[in-house]
Amino acid sequence: MLRLRSCAVSHVTRHSISGHAYRYTWLNRSPIALRWQSTGTLTEEVPLEGPAVTQTNRAEATMKRFWKTVGIEDRGDSLAVTLDKRALKTPDGKPLLVPASKSLLATLIAAEWDHQKTLIKPHALPVTSLASRAIDAMSSEPTRVEVREALLNYLDTDTICFFEKTTPQIERLQAEHWDPLFEWVEKTFGVNLNKHESILFSEQPQETRQKLGDVISGFDQWQMAAMERATYTTKSFVIALALVLRRLSPEQAALAASVEVNSQIERWGEVEDTHDVDYHDIRRHLSSAASLLSGSSPKQTV
């Protein structure tokens, strides 16, 4: 009897198609047909729908390391990260290729996979996830337009636009981390940002939205993926823009996004397993976003 692979299977059934016996497995509700020969051996996987069958999706399904070596190979004018000499692919089945100018990005992706030991930890693959997002989604102009509009909506509720005057701690941190960003974005792009003390009826000028929209419309797929991740992480369009344009480092961006939390820590102390986890999580996401920017043209930075 053939021993089945260990994997996350919620339902298994068999059918006969064109004289062949098939076993269907639902991995995360996506069926995959496994064809059997008459000898009872498994010959191939046939995706019926859902994500493509790639090393990335295989790792997600089994949650176990199945490769021995990790490498980086030249593929024309691009770099490919390989597992046992086989190039990684994105969840959509596209080759996970990065420009040759982004050798640091390829190295970080390779390091993520090499550091996976026995069990795979998806949260430890942030750069791989973000690079896949850039390739699968941000290469499509309709998707880029949709993402741009979603990010511009963050301007009306931008983290740095809501000032508090409740404690000396938060006023000092706002002046230290937010005031320079206000000055930078207004002078650099010729826009006006409104400051608010309440989220009710808060809105930024339409001209500001238009001008900043024009700025990110010139971003390449890597910058757009980084901008999206940074905006969702910091809840701030301005902080994300400053990170992508290298006005802020990941550490500076993390501090700007954590003004309120850090003011509370100064007053009341740190909550174990909460503040410390958030501290590392935001830096992991912002550093991953910044890694996509390696090798960018100086003309694309401010």
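This passage walks through aromatic pairs, charges over rings, salt bridges and two unusual backbone angles in a predicted model.

The aromatic side chains make a good starting point. Six aromatic pairs are present in the structure. In one of them, W67 and W113 meet edge-to-face, with 5.2 Å from centre to centre and 65 degrees between the planes. W67 belongs to the loop between α1 (55-62) and β5 (70-75), while W113 is part of helix α2 (residues 103-114), so this pair ties together parts that are 46 residues apart in sequence. Both W67 and W113 are buried. The pairing also extends to a further residue, as ring pairs join F66, W67 and W113 into a cluster. Another edge-to-face pair is formed by W184 and F189, whose centres are 5.5 Å apart and whose planes are 85 degrees apart. Here, too, W184 and F189 are both buried.

Rings can also be found beneath charged groups in this model. The charged end of K195 sits over the ring of F182, at 4.8 Å from the centre of that ring. Likewise, R283 lies over the face of Y279, and its distance from the ring centre is 3.6 Å.

Turning to pairs of opposite charge, the structure holds 12 salt bridges. Among them is the one between E141 and R144, where the closest N and O atoms are 3.2 Å apart. Both residues lie in helix α4 (residues 141-152), three residues apart, or about one turn of the helix. E141 is partly exposed, with a relative accessible area of 41%, whereas R144 is buried at 10%. E141 and R144 also belong to a network of salt bridges together with R148.

A salt bridge in helix α7 (residues 206-217) joins residues four apart, E207 and K211. The N to O distance is 3.3 Å, and the spacing again corresponds to about one turn of the helix. E207 is exposed, with a relative accessible area of 54%, and K211 is partly exposed at 30%. In helix α12 (residues 275-291), D281 and R284 are three residues apart, about one helical turn. Their salt bridge brings the closest N and O atoms to 2.3 Å. Both count as partly exposed, D281 at 28% and R284 at 27%.

Finally, two lysines deserve a look at their backbone angles. K85, in the loop between β6 (78-83) and β7 (86-87), has a positive phi near 70 degrees although K85 is not a glycine. K85 is exposed, with 64% relative accessible area. K235, in the loop between α8 (221-234) and α9 (237-244), has a positive phi of about 60 degrees. K235 is partly exposed, at 44% relative accessibility.

Definitions and conventions
Residues are numbered from 1 along each chain as its sequence is written. This is a predicted model: local features need pLDDT of at least 70, side-chain atom pairs count only at pLDDT 80 or more; totals for chains, interfaces and linings use all residues. Side-chain values use heavy atoms; hydrogens and water are left out. Buried means under 20% relative accessible area, exposed over 50%, partly exposed in between (1.4 Å probe, protein chains only). Rings of Phe, Tyr and Trp (its six-membered ring) pair if their centres lie within 6.5 Å; planes under 30 degrees apart count as stacked, over 60 as edge-to-face and the rest as tilted. A charge sits over a ring if NZ of Lys or CZ of Arg is within 6 Å of the ring centre and within 35 degrees of the ring normal. A salt bridge is a side-chain nitrogen of Lys or Arg within 4 Å of a carboxyl oxygen of Asp or Glu.
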